[in-house]
Amino acid sequence: MNQETTGQARPLSPHLQIYKPMLTMMMSIVHRITGAALYFGTLLFVWWLVAAASGPGAYAWVEAIYGSILGQLILFGYTWALVHHLLGGLRHFVWDTGHGFELDKVEWMARATLAGSVAITVLLWIIGYAVR
């Protein structure tokens, strides 16, 4: 049977244009994006390690790239993606234990993940520059 024979309209699948964007939905999307970004960042980390093992010339070249403004912005973004993905994973771990499903706690944990990832990233970079 099809729509013509039954006379009934087929149901539409839900999609992003139907849903009202909520913080938890956006955090889920960002968690997936940061997970994908970590693949790129890991390649940057491997490139740095290979350069360090290749000798002073290769290491200096990679350090010059990473030390540029664009390089610093990319590394800052990688740091944020790493921290945000970690905190999102911890949030999911709490849910896996059966806790934090109350609506107010879900919203609080989403906000804490976002604020915490920014604060920890900035703190790590401040400490990094202070030690350097």
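**Notebook: helix packing and the main pocket**

I started with helix 4 and helix 5, and found that they cross in a right-handed way. This is a predicted model, so everything I note here is read off a prediction. The axes of helix 4 and helix 5 lie 9 Å apart, at an angle of about 140°. I sorted the residues of that contact by class and got 17 nonpolar, 8 polar and 1 charged.

Next I turned to helix 2 against helix 4. Here the axes are 8 Å apart and the packing angle is about 130°. Roughly antiparallel would need an angle over 145 degrees, so I put helix 2 down as oblique to helix 4. The handedness of this crossing is left-handed. Then I listed who touches whom. From helix 2 I have M27, V30, H31, T34, G35, A37, L38, F40, G41, T42 and L44. From helix 4 the partners are I74, Y78, W80, A81, L82, H84, H85, G88, G89 and R91. By class, I put the residues of this contact at 11 nonpolar, 9 polar and 1 charged.

Then I checked helix 2 against helix 5. Their axes come within 9 Å and cross at roughly 45°. That makes the two helices oblique to each other as well, since roughly parallel is kept for angles under 35 degrees. I noted this crossing as left-handed. On the helix 2 side I wrote down L23, T24 and M27, and on the helix 5 side V106, E107, A110, R111, T113 and L114. The class split for this contact is 5 nonpolar, 2 polar and 2 charged. I also marked M27 of helix 2, as it turns up in the contact with helix 4 and again in the one with helix 5.

Last, I looked at the pockets. The largest pocket holds about 610 Å³ of space. I asked myself which residues sit closest to its centre. They are Y66, Q72, L75, T79 and W125, out of 19 that line the pocket. The elements that give two or more residues to this lining are helix 2 (23-54), helix 3 (56-67), helix 4 (69-96) and helix 5 (103-131). Which helix gives the largest share? I found that to be helix 4, with 6 residues. By class, I have 12 nonpolar, 5 polar and 2 charged residues in the lining.

To close the page, I put the two themes side by side. Helix 2, helix 4 and helix 5 are among the elements lining the largest pocket. I have also logged helix 4 packing with helix 2 and with helix 5.

Definitions and conventions:
Residues are numbered from 1 along each chain as its sequence is written. This is a predicted model: local features need pLDDT of at least 70, side-chain atom pairs count only at pLDDT 80 or more; totals for chains, interfaces and linings use all residues. Side-chain values use heavy atoms; hydrogens and water are left out. On a 1 Å grid over the protein atoms alone, a cavity is a set of points where a 1.4 Å probe fits but cannot get out, and a pocket is an open set with protein on both sides within 12 Å along at least five of seven lines; lining residues have an atom within 4 Å of a point. Grid points are joined across faces, edges and corners, and a volume is the space filled by probe spheres set on the points. Helices (H or I, at least four residues) and strands (E, at least two) are DSSP runs, numbered from the N terminus. Ala, Val, Leu, Ile, Met, Phe, Trp, Tyr, Cys and Pro count as nonpolar, Asp, Glu, Lys and Arg as charged, and the others, Gly among them, as polar. Axes are lines fitted to C-alpha atoms, for helices over the stretch in contact, and angles run from 0 to 180 degrees between N-to-C directions. Angles under 35 degrees count as roughly parallel, over 145 as roughly antiparallel, 65 to 115 as roughly perpendicular and the rest as oblique. A crossing is left-handed if the near helix is turned anticlockwise from the far one by less than a right angle, and right-handed if clockwise. Contact means heavy atoms within 4.5 Å.
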